[in-house]
Amino acid sequence: MSTRRDDAAPQVLSEGLHVLRASTPASRWLEAYPVGNGVRGAMCAGLTGGERLWLNDITAWSGHAHADPLDGVADRGPEALEAVRAAIDADDLDRAEALLQRMQAPWVQAYLPLGWVELTVETDAAHSGSQPGSGRFDAVAGAPSLNDRGSEPQEYVRRLDLATGVATHHYALGDVDVRHRTWADLVTGAIMHEVTANAPVRVHLEIGSLLRPRSAPRSAGGDLATEWWLPVDVAPGHESPAEPIRYDEEHGRHGAIVIQARGASEVVDGVLVGASATTHLFAIATATAPSLPGDPTDARDAEGHAAALLRGIRGSFDVHATAADLLTAHEAAHGELYARCALELPAPGDVEALDTVDRVRRAQERDDPALAALMFHYGRYLLIASSQPGGLPVTLQGMWNAELPGPWSSAYTLNINTQMAYWPAETTDLAECHEPLLRFTRRLSETTGPAVARELYGADGWVAHHNSDAWAFAAPVGAGHGDPAWANWSLGGVWLALHLWEHYSFGGDRAYLQSEAWPALASAAAFALSWIQTDGERAWTSPSTSPENHYLDAEGRERGVAVSAAMDVALLRELAAVCRAAAAVLDVDDPWIAELTTLTDALPDPQVSARGDLLEWDRERVEAEPEHRHLSHLMGLFPLAQITPDATPGLARAASESIRLRGPESTGWALAWRAAMQARLRDGGAVHAQLRMALRPAEEGSDAHRGGVYPNLFSAHPPYQIDGNLGLTAAIAEALVQSFLEPSRPVTSGFGAQNLRWGAESAPQRRNDAPNPADDREATRVTLRLLPALPPEWPDGRVRGIRSRGDVSVDVEWAGGRLVRARLRARARAVTMSVHGPDGSIGTYELAPGTTRVIERGEQGISW
């Protein structure tokens with residue numbers, strides 16, 4: 001699935017940095033350990049006397065193809081939009097909000113829990129007593145309660161090895177030592193589960209699901225197979241329709257699980273029974289059908305598709321291949337991705353023997369820098385496991401969901417969460433894992449996005465709003481009563497399009513930019529040109545929201561609709577700048593590029609309030625929720641780079657004050673975003689404070705917006721959201737290494753031209769200037785910052801394999817809080833790097849393709 005890098009040689013890994021461990025089985029889903037291969041995933045409970053695997057398949061979604069992407073919308077078309085704008089102009093916000101609600105479709109569809117496997121181990125000497133549960137259901141998962149399983153474990157240990165992608169547990173059943181290994185195979189695509197014992201044992205497997213059965217568990221050529229109907233509609237948890245989960249067996253899709261025993265076995269009364277042996281290996285395949293839009297497999301029969309995958313294992317490996325053979329191939333594929341980037345931080349001497357949950361508690365009393373390194377690696381592991389080329393993007397829960405419906409339908413939230421989940425993809429050298437989001441964005445931009453822009457607004461280009469799903473839903477959600485503050489935000493497509501440029505800025509593939517990124521960017525720009533309003537002198541956006549946040553009007557009522565929210569301006573100016581930069585690379589000189597620049601230049605500049613923070617709205621307004629979790633008005637600080645301490649020091653100070661005024665408490669993903677912002681502000685102490693809050697134990701049973709981590713280190717919103725984990729990894733990377741493309745030629749616009757060094761101290765930054773990298777015929781110019789926000793609590797450490805823009809691999813070592821050594825490795829492109837350390841400029845280095853430059857402290861002319 002990827003090409004091995006010369007700089008990704010195997011490393012000796014510290015268990016404290018790369019392993020989660022527990023001394024008891026999971027008693028609930030949030031204690032189980034995740035494995036995944038981008039299509040199929042499992043949560044492993046690690047039970048004594050067997051195992052519980054909650055199974056997911058990234059293609060298991062409710063819904064069916066709609067001919068009309070605006071099905072359920074009451075009002076549509078340019079007249080409807082103009083009515084909203086007229087109401088806003090008249091300051092009739094009641095009418096504006098009511099009209100916007102009439103432009104809402106119902107809701108996106110849900111990512112589904114496909115099923116679970118109950119595995120029971122029995123010794124030959126006597127039955128263990130560990131049988132499948134009595135049918136009482138777990139409040140989270142809906143599977144038979146884990147509390148109904150067996151007795152307390154003896155000599156028990158449970159581990160998740162991030163470096164290999166393997167979950168293990170072992171225990172004793174009387175005199176028999178039993179060991180389990182589970183992995184989501186990156187080579188075969190199946191979920192593999194191995195049971196070994198020092199004496200013969202029998203293994204029983206049963207399958208269950210929350211979904212409606214299509215067929216009972218049965219033998220299919222000796223394998224255990226069963227199918228379920230997938231609902232055609234699942235309402236989100238906050239809605240209350242008459243039929244929240246609706247099936248239609250004529251038009252709906254279906255899913256299947258097929259389990260193959262690689263050894264003597266039989267299916268008896270719907271149970272797969274492995275004959276008495278010391279080694280058992282089971283391959284678990286899942287599939288759904290018909291295929292989702294954009295899926296090249298075009299499967300029509302889910303069971304047949306799953307069975308074909310299992311037959312492929314037989315064809316790809318020798319008939320005598322052992323679990324070790326399969327595992328070796330998987331570990332090589334997983335390790336090639338995982339080993340590219342690593343962070344080493346010291347740990348207190350006694351923490352490696354602790355259960356992970358106890359280590360998290362201990363770190364609140366005694367600082368454990370290595371816990372942050374473990375979380376850094378865990379985020380990369382979760383992205384590898386849940387996002388692979390050819391698949392769908394990660395959902396709010398990654399690819400692991402056991403609820404029906406899952407939190408917020410376990411779908412895609414495009415006003416921060418989906419994008420945040422991919423922030424570490426490029427910087428931690430997992431560009432392949434970015435591909436599902438990039439491919440999904442292109443599909444949105446070519447299918448439902450243009451249809452919704454045209455039919456809902458009378459606009460050119462393509463649009464996406466607050467939510468989407470596997471069907472590429474592009475309309476506003478809300479079912480006619482959703483709060484426009486979140487439902488009618490209209491710039492989700494613009495933000496997604498910027499990810500295509502981000503991928504180019506790291507890899508520099510001109511062919512990709514031309515064939516894949518440019519069409520989606522140009523179409524997003526066409527929408528922007530249709531959306532922005534102007535009177536010839538000034539420009540504004542209307543309707544405008546700052547996602548999910550509100551202000552108070554003159555009567556003290558909460559409002560979410562206004563004009564020209566700061567987030568709108570930041571996104572649209574970034575789009576204009578990126579289009580200029582991409583056009584320069586591609587030698588494109590279309591008139592609309594200058595038109596978009598002129599129009600976005602005329603949007604209102606960022607403003608600082610009387611109290612010193614950055615304004616979120618078009619003018620000073622009373623905040624309805626002063627400590628709101630979203631910081632949408634600060635996206636110019638991060639993930640964009642429109643605000644920097646050097647180029648815009650006043651705005652940087654205002655951004656810092658905005659973070660302070662939001663208060664110390666927030667959700668897990670918001671804490672991660674704040675940590676990344678503090679890294680851009682070069683405040684290592686503030687980064688550490690945010691990380692410390694993000695890494696505390698999550699409060700059980702609380703609905704408060706208080707971040708932390710659950711026992712399996714999943715990030716708490718609450719509930720669990722994967723963007724909290726992945727955003728944290730990105731924030732840690734940003735604290736250690738930052739990179740910015742520099743322009744190679746003057747950038748012209750309706751406001752004149754400047755030759756800007758993006759992110760450097762030596763030149764002022766015009767508000768709309770952006771990276772304008774050279775094309776493939778000249779060296780890419782990059783500003784690189786080493787240890788820009790090193791937490792003081794991390795005085796010693798090193799990081800390997802951070803990827804900079806311009807496709808340079810960066811290693812950094814430090815001691816006593818001081819930079820010791822940096823290693824820069826250019827890959828396929830020539831790069832000119834302007835390198836800065838914590839104390840200022842270090843030097844400028846020319847790197848030819850494939851060359852390495854090591855910078856040592858004490859090198860002539862350098863003082864650190």
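Select Ala372, Met375, Phe376, Tyr378, Gly379, Arg380, Leu382, Leu383 and Ser386 in α7 of this predicted model. These residues meet Ile722, Asn725, Leu726, Leu728, Thr729, Ile732 and Ala733 in α20. Colour the contact by residue class: 11 of its residues are nonpolar, 4 are polar and 1 is charged.

Now show the two helices whole, residues 369-386 for α7 and residues 722-736 for α20. Two packed helices are described by the angle between their axes and the distance between the axes. Here the angle is about 125 degrees, and the axes of α7 and α20 lie 8 Å apart. That angle is why α7 is classed as oblique to α20. Turn the view to look through one helix at the other; the crossing of α7 and α20 is left-handed.

Zoom out before the next stop. The protein has 20 helices and 36 strands. Of its 864 residues, 65% are buried. If contacts between residues at least 6 apart in sequence are taken, 70% of them join residues at least 24 apart.

The next selection is strand β4, residues 50-57, which contains arginine 52. Is arginine 52 buried or exposed? Its relative accessibility is 0%, and because buried means under 20%, arginine 52 counts as buried. Add leucine 119 to the selection and draw a distance between the C-alpha atoms: leucine 119 and arginine 52 are 67 residues apart along the chain, and the separation is 6.2 Å.

Go on to strand β16, residues 271-289, and pick histidine 280. The relative accessible area of histidine 280 is 5%, so this residue is buried as well. Which backbone oxygen does the side chain of histidine 280 reach at 2.8 Å? The oxygen belongs to valine 201. Show alanine 277 too, since its backbone oxygen lies 3.3 Å from a polar atom of the histidine 280 side chain. To see the surroundings, leave out residues up to four places away in sequence; histidine 280 then touches His193, Glu194, Val195, Val201, Val203, Gly274 and Ala275. Valine 201 therefore appears twice at this stop, as one of the residues touched and as the owner of the oxygen at 2.8 Å.

From a strand, move to a loop. Serine 544 sits between β21 (539-540) and β22 (551-552). With a relative accessible area of 1%, serine 544 is buried. Display the side chain of aspartate 568 beside it: the side chains of serine 544 and aspartate 568 make a polar contact of 2.7 Å. Apart from neighbours within four places in sequence, the contacts of serine 544 are Gly560, Val561, Ala562, Val563, Ser564, Ala565 and Asp568.

The last stop is strand β34, residues 831-837, where histidine 836 is found. Histidine 836 is buried, at 4% relative accessible area. What does the side chain of histidine 836 join through a polar contact of 3.3 Å? The partner is the side chain of serine 834. Finally, select leucine 784 and draw the C-alpha to C-alpha distance to histidine 836: leucine 784 is 52 residues away in sequence and 6.1 Å away in space.

Technical notes:
Residues numbered from 1 in each chain as written. Predicted model: local features only at pLDDT ≥ 70, side-chain atom pairs only at ≥ 80, totals over all residues. Heavy atoms only, no water. Axes fitted to C-alpha atoms, helices over the stretch in contact; angles between N-to-C directions. Helix = DSSP H or I, 4+ residues; strand = E, 2+ residues; numbered from the N terminus. Parallel < 35°, antiparallel > 145°, perpendicular 65-115°, else oblique. Left-handed = near helix turned anticlockwise from the far one by under 90°. Contact = heavy atoms within 4.5 Å. Nonpolar A, V, L, I, M, F, W, Y, C, P; charged D, E, K, R; others polar. Buried < 20%, exposed > 50% of the residue type's maximum accessible area, 1.4 Å probe, protein only. Polar contact = N/O pair within 3.5 Å; in protein donor to acceptor, adjacent residues only side chain to side chain.
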